[in-house]
Amino acid sequence: MAENYEAEQSNQQTHQMLQEVSDALDNGMFLHARHLLKDMEPEDIAHLLEASPPKSRLVLWQLTNPDEQGKILEELSEDVKDGIMVRMHPSQLAAATEGMDTDDVAYLLRSLPNQVSQNVLAQMDAQDRARVEQALSYPEDSAGGMMNTDVVTIHSDVTIDVVLRYLRMRGGLPKATDALYVVDENSRLVGSLLITTLLTTQPDTEVLVIMDNSDEAIPVEMDDGSIASLFERRNWISAPVVDKQHQLVGRITIDDVVDIIRENAEHSMMSMAGLDDEEDTFAPVFKSARNRSIWLGANVLAALATASVSNLFECTLNQMTAIAVLMTIVPSMGGVAGNQTVALVIRGLAVGHIGDSNTRWLLTKEALVGVLNGIVWACVIGGIVVLWKGNWMLGCIIASAMMANLIIAGILGVTVPIMFKKIKIDPALASGMALTSITDMVGLSVFLGLATLFLV
């Protein structure tokens with residue numbers, strides 16, 4: 001309750017600040033708006049930019065502190081960030097990336113045209129450029145693409161006192177550092193030393209004696225979904241990344257994993273509606289209409305396919321109006337039941353719970369759930385129809401169609417997303433529409449077919 005209250009208070013403060021800044025811009029009080037922005041945190045300014053129309057957004061960006069622009073860019077959604085970055089000079093972008101983690105810089109540059117990103121790299125010093133280019137050489141959704149190369153390494157043959165003197169001389173630790181990584185003379189990972197252990201051990205103790213010999217590390221080619229699952233199961237704060245020779249090349253921290261989890265959740269939610277998870281809420285009308293037209297076109301084709309089924313039974317519908325009144329119930333129930341199963345399976349695929357070893361068991365389970373729900377709701381709907389229309393045969397027909405469609409919906413709810421996953425199509429994007437279209441056609445075919453056979 002306290003956390004919810006704090007979150008609500010924070011949202012109210014943000015909206016109040018947005019209103020104050022908007023009023024200042026509307027009245028031409030740019031100095032006052034700059035003063036308001038100066039007192040805000042980068043993440044709050046990013047929220048303010050995302051909540052502003054495009055014209056106000058560009059003015060706001062010009063009023064932000066150049067020293068904070070890199071941190072603000074890190075917090076922006078991709079669509080909004082791209083709209084701002086394309087208007088910045090390469091020298092401005094290079095200045096904004098100073099002090100940013102390597103993975104964050106690489107993430108920003110990937111969204112720019114190649115020529116622009118090369119110009120930004122040319123503005124960096126040699127060391128930073130080499131680190132960013134190494135990150136850019138890996139796929140964006142891999143450990144190499146999201147790792148940070150700022151890693152503190154030590155050797156196993158030194159004492160704790162030497163390590164502490166080295167850290168004091170270094171002057172600080174990278175953020176989210178909970179362990180120092182122990183490497184050999186060839187930079188191969190051999191273990192780790194927890195900061196808590198370092199601080200509570202006698203200074204004359206050798207690292208070899210107290211280090212954790214576990215060489216568990218993340219391969220540089222591992223995908224981001226698997227990385228998130230590992231962090232969840234191991235409760236890691238940070239984890240080392242190694243190449244094929246087991247040489248330490250970087251590390252991944254919990255803040256990067258939180259971003260992955262949030263992005264995956266947004267992706268699943270937005271994909272259900274056929275939208276890009278990074279789409280700008282305040283994007284221009286033409287751009288928004290264009291992005292949504294593709295999915296609307298696909299839905300039109302699905303709707304026409306369903307309508308063609310009804311058209312096959314036009315004579316039946318003309319002869320018995322009761323069938324026309326009841327025909328939407330069966331496909332509607334099948335669509336709801338199927339989408340329940342789809343949501344469950346997509347979540348299981350996302351967190352790695354579903355694989356070849358348990359797919360058959362899950363398929364059987366959902367089919368039996370469909371049988372049980374089919375029996376229950378077939379009896380309920382059939383009984384209502386008998387009482388309503390006074391026709392036992394019509395009640396039996398709709399009950400049979402209902403049971404068949406719920407069983408099929410359960411089976412398809414498992415097989416459709418798994419099939420899309422195997423053929424490299426995003427299950428969250430396509431499964432819902434595909435399943436609804438199939439259950440609509442099957443439900444109508446069974447109901448109208450039985451009605452034609454036994455009533456007309």
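This is a short talk about a few local features of the structure above.

Hi everyone, and thanks for coming. One thing before we start: what we are looking at is a predicted model. I'll take you through a sheet, some salt bridges, a patch of charge and a few single residues.

Let's begin with the sheet. It is an open sheet of three strands in the order S4-S5-S6, and the pairing is mixed. Which strands stand at the edges? They are S4, residues 218-219, and S6, residues 248-253; each has a single partner strand, so one side of each has no neighbour in the sheet. Now look at S5, which covers residues 238-242: S5 and S6 run antiparallel to each other and are joined over five bridges. If you'd like one pair to find on screen, try Val-242, whose bridge partner in S6 is Leu-248. As general background, strands of a sheet pair through backbone hydrogen bonds, either parallel or antiparallel.

Just ahead of S5 in the chain there is a loop, so let's step back into it. Asn-235 sits in this loop, between helix H15 (224-234) and S5. Its phi is near 55 degrees, which is a positive value in a residue other than glycine. Is Asn-235 buried or exposed? With a relative accessibility of 63%, Asn-235 counts as exposed.

Ala-176 makes a nice companion to that residue. Ala-176 also has a positive phi, about 60 degrees, although it is not a glycine. You'll find Ala-176 in the loop that connects helix H12 (160-170) with strand S2 (179-183). Ala-176 is partly exposed, at 30% relative accessibility.

Since we've mentioned H12, let's stay there and turn to the salt bridges. How many does a search of the whole structure find? The search finds seven salt bridges, and I've picked three to show you. In general, side chains of opposite charge can pair when their charged atoms come close.

The first of my picks is within H12: Asp-161 and Arg-165 meet through their side chains at 3.2 Å, N to O. These two residues are four apart in H12, about one turn of the helix. Both are partly exposed: Asp-161 has a relative accessible area of 29%, and Arg-165 has a relative accessibility of 45%.

My next pick joins Arg-188 to Asp-184, with 3.4 Å between the closest N and O atoms. Here the partners fall into separate classes: Arg-188 is partly exposed at 34%, while Asp-184 counts as buried at 17%.

For the last pick, please scroll along to Lys-422 and Asp-356, whose side chains form a salt bridge at 3.3 Å, N to O. This pair links distant parts of the chain, 66 residues apart: Lys-422 belongs to helix H22 (residues 392-422), and Asp-356 to the loop between helix H20 (329-350) and helix H21 (359-389). Lys-422 and Asp-356 are both exposed.

Finally, let's visit helix H5. On the surface, Glu-41, Glu-43, Glu-74 and Glu-75 gather in a patch of negative charge. One of them, Glu-75, lies in H5, residues 69-75, and is partly exposed with a relative accessible area of 43%. Gly-70 lies in H5 too, but Gly-70 is buried, at 2%. How far apart are Gly-70 and Thr-97 in space? Their C-alpha atoms are 5.3 Å apart, although 27 residues separate them in sequence.

That's my tour, and I'm happy to go back to any of these spots. Thank you!

Terms used: Residues numbered from 1 in each chain as written. Predicted model: local features only at pLDDT ≥ 70, side-chain atom pairs only at ≥ 80, totals over all residues. Heavy atoms only, no water. Patch = residues over 30% accessible without salt bridge, like charges linked within 9 Å, V, L, I, M, F, W, Y side chains within 5 Å. Areas by Shrake-Rupley, 256 points an atom, 1.4 Å probe, with all protein chains shown as cover. Salt bridge = Lys/Arg side-chain N within 4 Å of Asp/Glu carboxyl O. Lys, Arg positive; Asp, Glu negative; His and termini not counted. Charge placed at Lys NZ, Arg CZ, Asp CG, Glu CD. Buried < 20%, exposed > 50% of the residue type's maximum accessible area, 1.4 Å probe, protein only. Pairing = 2+ DSSP bridges.
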